[in-house]
Amino acid sequence: MTSQSLRARAALSLGLGLSLALGAFTTHASTADGVKIGVLTDMAGVTADATGKGSVEAARLAIEEMGGTVLGKPISLVSGDHQHRPDIGSSMVRKWYDTDGVDVVVDVPNSSVALAVQGIAREKKKLVLFSSPGTTALSQAQCSPYGVQWTYTTYALSRGTATAVVNEGNKRWFILASDYAFGKQLAADTEAVVKANGGEVVGTVFHPLNASDFASFLLQAQGSKAQIIAIANAGGDTISAIKQAAEFGIGGTQQLAAMLLLITDVHSLGLQAAQKTYLTVPSYWDMNDGTRAFTKKFEARVGRPPTFLQAGVYSSVRHYLQAVKAAGTADADAVMAKMKSLPIDDPFSLNAHIREDGLVVRDMILAQVKTPAQSKAPWDYYNIVRNIPGDTLAWPLAESQCPLVKK
């Protein structure tokens, strides 16, 4: 790593953030001078390809769609790298809220960082819109009147994929999960869905974040004689686990089920390795004319279509700015009330609305990775199997642990 890179990372560690030039968009020190958005993301870690600079560009595109202003004032943007560390993410967000005039924080890959940020946003009475973390705690026991879980939950992904795979007769499962809040929650949700559909989980093992060697974990999975090995992690860990599984010869009597699989993961793996894998996704770049139009603009800047995490950043920033305009103020309580009352209107969000617990309930898609012969163009990776109604992918409010839910 060069000395320049080290200096840049040190600046991020101190929570200084990275200010982005947005043409006419300028940085302002207080909300009285305009609306300021902070993209807290992963610029160099295990989820950088799926979030990172692409998340920043997605937020930028939403701002540009608003013309760069709202309520006659400029919209500005800052970003920062939390390095998957709750302490770094927390110090950065606290500075953004306290001294830098940030009105809303978005993205926040890594559930442990997200839960820490949720607490700060609640304390400061500032908004945070989570596109990338999946832990259900954000809209369950640790919900907040100032937080929205925008794109997906581990509960939704596990219900969509595990239900389909178990119902095909694959009853014996082994779960390989990442050893932090996201992976543990995804593993627990997957086990609950498997059992609810008449299956059994014969073993679960957790690996460290950003692992390089999955050999011991995969040997345990092979020895379990499970029909399905569920990969419950994200980003580079998912890619490494699937690649190493192929090296171990997994794929005959034992099959893999990726509980969180992004289009960038499929691209890295290649269709030959990833073909026929079932997955649940909140959105896909080739869903409709609107998603294709956005993708054309995004691809011109990033070089590829957006992941559904990046599409979620665009969607959340767009809806937030529309709510500020409708509310006539950037006041957090007024904007949140307007966000919950307005329909979510963007091409990536199907039948979506924000519940009182802060969860965005949305229709999702059961997809299957195409074979190499089926793919007709770059990034033409998914067959859409069917639509999954959002109400079937969210826990009933009557069972909610969120203190905001009236019972």
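Here are five short exercises on this structure, each with a worked solution.

A note before you start: this is a predicted model, so local features need pLDDT of at least 70 and side-chain atom pairs count only at pLDDT 80 or more, while totals for chains, interfaces and linings use all residues. Residues are numbered from 1 along each chain as its sequence is written, and side-chain values use heavy atoms, with hydrogens and water left out.

**Exercise 1. Get a feel for the whole protein: work out what radius of gyration a compact globule with 407 residues would have, and set the protein's value beside it.**

Step 1. Start with the rule: the radius of gyration is taken over C-alpha atoms, and the globule rule is 2.2 Å times the number of residues to the power 0.38.

Step 2. For 407 residues that gives a value near 22 Å; the protein has 20 Å, which agrees with a compact globule.

Step 3. Now add the outline: along the principal axes, the C-alpha atoms fill a box of roughly 60 × 55 × 40 Å.

Step 4. Fill in the parts. You'll find 13 helices and 16 strands; these are DSSP runs numbered from the N terminus (helices are H or I with at least four residues, strands are E with at least two).

Step 5. Check how much is tucked away: 58% of the 407 residues are buried. Buried means under 20% relative accessible area, exposed means over 50%, and partly exposed is in between (1.4 Å probe, protein chains only).

**Exercise 2. Find the disulfide and say which parts of the chain the pair ties together.**

Step 1. Search for cysteine sulfur atoms within 2.5 Å of each other, which is the cut-off for a disulfide. The whole structure gives 1 hit.

Step 2. The partners are cysteine 143 and cysteine 402, with their sulfur atoms 2.0 Å apart.

Step 3. Place them: cysteine 143 is in the loop between strand 6 (127-130) and strand 7 (147-149), and cysteine 402 is in the segment after strand 16 (382-388), so the pair ties together parts 259 residues apart in sequence.

Step 4. Look at the twist. The torsion about the S-S bond is about 85°, so this disulfide is right-handed. Both cysteines are buried.

**Exercise 3. Take the salt bridge of aspartate 49 and find its partner.**

Step 1. Use the cut-off: a side-chain nitrogen of Lys or Arg within 4 Å of a carboxyl oxygen of Asp or Glu. The structure holds 18 such bridges.

Step 2. Aspartate 49 pairs with arginine 304, the closest N and O atoms being 3.7 Å apart.

Step 3. The two come from distant parts of the chain, 255 residues apart: aspartate 49 from the loop between strand 2 (35-41) and helix 2 (52-65), arginine 304 from the loop between helix 11 (289-302) and helix 12 (308-327).

Step 4. Compare their surroundings. Aspartate 49 has 45% relative accessibility and counts as partly exposed, whereas arginine 304 has 8% and counts as buried.

**Exercise 4. Which residues form salt bridges with arginine 292?**

Step 1. One is aspartate 286, the closest N and O atoms being 2.9 Å apart.

Step 2. Another is aspartate 289, also with a closest N and O distance of 2.9 Å. Aspartate 289 and arginine 292 both lie in helix 11, 3 residues apart, about one turn of the helix.

Step 3. Add the accessibilities: arginine 292 is partly exposed at 34%, aspartate 286 is partly exposed at 26%, and aspartate 289 is exposed at 62%.

**Exercise 5. Which residues have the most contacts inside the largest nonpolar core?**

Step 1. Build the core from buried Ala, Val, Leu, Ile, Met, Phe, Trp, Tyr and Cys residues joined through side-chain atoms within 4.5 Å.

Step 2. The largest set has 66 residues, and Trp173 and Tyr382 have the most contacts inside it. Helix 5 (residues 154-166) gives the largest share, 6 residues.

Step 3. Apart from this core lies another, of 38 residues, including Val56, Leu77, Val313 and Met336.

Step 4. Zoom in on tyrosine 382. Leaving out residues up to four places away in sequence, tyrosine 382 touches several residues, among them Leu261, Val281 and Val369; contact means heavy atoms within 4.5 Å.
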